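Please walk me through this model in the viewer. I would like to know what to select at each stop and what is found there.

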Amino acid sequence: MKLRSRIAVTTLLIAGPVLVLVVWLRTRGFEEAESEVTIRAVTEYMTRGGRAECERAPATWQEHPERPVPLPLGRDGDQHIAYTLPPAARPHLQHIGSFAYDKHLVPASREAPQIREELREQLARASIAIHRTTDEPPLLEVLVRMPWPDGPCAVVLVRRPDFRPDDSLLALVPIRIWAPVLLIVLVAVVFGVGPAVRRLRLLAREVRAAARAGYDTQVGVRGGDEIADLALAFNDAGREIRGRMEAQERRERTLREFLDNTTHDVMTPLTVLQGHLAGLAQRASPDQLARIALAMDEAHYMAALLHHLALAAKLEAGEPSVAHDPLELDALIVRVVARHVPIARNHGIALDHATPEVPLIVNGDVTLVEQGVSNLVLNAVQHGVRGGHVAVALDREGDRFRIRIVDDNPGVSDDDLAKLVERGTRGNDARTRSPAGRGLGLDIAYRVVHRQAWTLVLARNQPHGLCFTISGPLAP
């Protein structure tokens, strides 16, 4: 819900209870004022000659039921309204008027009504008792103890029709007055907040534009109110974010430069070391050959680890940009398998591959794709056991390709299998030591496939082992 609509609804929700409260307070005030003026009127009447009239003939004394009744309707004092009983209502209104009682509430006249128990209890605690009936029409009963303590007119009961404030209130504040007022207030509130709403919308657009621009631009500050303070706060936050982004970029650039320099500086002696180890292997005895093979594996592990670290840093930073050049998957599979055959031979693993007769062409980045497939193949080789097999198969399914790397390794537990499909997950068992095992190598493979907009699925290979499947669209 928009701000303007919320303000309008809030105004209505507040105005409704306020009107109800005003009506209730007006009703209560009217009832209290009506009772007070009735008490005052009967007291003044009795003290100014009414007592003498009552005590001269208490058995027949009764104030006229249709004498003017004081009501609190005027600004300059009470108004006296002559209440005339309708002929149809007179048979239903018995004992209307004023009646005299002694201090024990014994009536002086046989026509006097019996005093209600509720009025008796109130009069026992105070000198005035009030009761409103729910009859139709309603009656107001006021029992007043006079200033004199004794006599047949020590207590006076006033019974008359109750002027409920419903008609009087509607006459004072009719709907034709408060309804337009409420409508005017609502319209004024809705249109009054219009400029503030427009400024907030403009501020939201400028904040989004600043975010898209990397917070290089600032939000315009207009006025000197809270909305302007909010714009200033956005600008301060933008400067803080921009400063942190620049510091983060400097740290990442320094780290990438360090990794590039380290890779360049270390790869040269590693290449020389691998050459020396290959030369020693040609002249070594059978006992020495096994040790040299282990040393060559360690050298290859160090070189792969450095290469993976550098590539992982570039991928994390958004580099390199992904190319979409025509790529022949058949030749790529042949190159990857040929590169890993010597490593598989040292591990006692049989590495085979199969490609279709017709070359499969895709659009992709040859460097990234070859690195991702190499990591999966190396993962299968490094984790195999002697006498095991690894197969790399490329085939076509309609207008899509499918690369499967299948091994018959011991596999992993169900918990580890669920974690393997999570991007970037690293285990802590022996398989993690290899850069291709649930660490950098597998993480890079997932990232590469994701950047190519392809899919990578991990499943079990029956009866044991794993199967990685890369699939995507062929080039049109």
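The expected span of a helix is 1.5 Å times one less than its number of residues. The model is predicted, and the tour begins with a helix to which that rule can be applied.

Select residues 366-382, which make up helix 9. With 17 residues at 1.5 Å a residue, helix 9 should span 24 Å, and its end C-alpha atoms are 24 Å apart, so the model agrees with the expectation. Colour helix 9 by accessibility: 14 of its 17 residues are buried, so the helix is mostly covered. Then add D365 and L368 at the start of helix 9, where a side-chain oxygen of D365 comes to within 3.3 Å of the backbone nitrogen of L368.

Next, go to helix 8, residues 329-346, and pick V341. Is V341 buried or exposed? V341 is partly exposed, because its relative accessible area of 25% falls between the 20% and 50% limits. Draw a C-alpha to C-alpha distance from V341 to D352: the two are 8.6 Å apart in space and 11 residues apart in sequence.

Now move to the sheet. Show the 4 strands in the order 3-6-5-4; they form an open sheet with antiparallel pairing. Strand 3 (97-101) and strand 4 (128-132) stand at the edges with a single partner strand each, so one side of each lacks a neighbour in the sheet. From one strand to the next, the twist averages 15°.

Within the sheet, select strand 5 (residues 139-145) and strand 6 (residues 155-161), which pair in the antiparallel sense over 7 bridges. V144 has V156 in strand 6 as its bridge partner. Finally, add helix 2 (residues 117-125), which packs on the sheet and touches strand 4, strand 5 and strand 6. The direction of helix 2 makes about 155° with that of strand 4.

Definitions and conventions: Residues numbered from 1 in each chain as written. Predicted model: local features only at pLDDT ≥ 70, side-chain atom pairs only at ≥ 80, totals over all residues. Heavy atoms only, no water. Helix = DSSP H or I, 4+ residues; strand = E, 2+ residues; numbered from the N terminus. Buried < 20%, exposed > 50% of the residue type's maximum accessible area, 1.4 Å probe, protein only. Polar contact = N/O pair within 3.5 Å; in protein donor to acceptor, adjacent residues only side chain to side chain. Pairing = 2+ DSSP bridges. Axes fitted to C-alpha atoms, helices over the stretch in contact; angles between N-to-C directions. Contact = heavy atoms within 4.5 Å.
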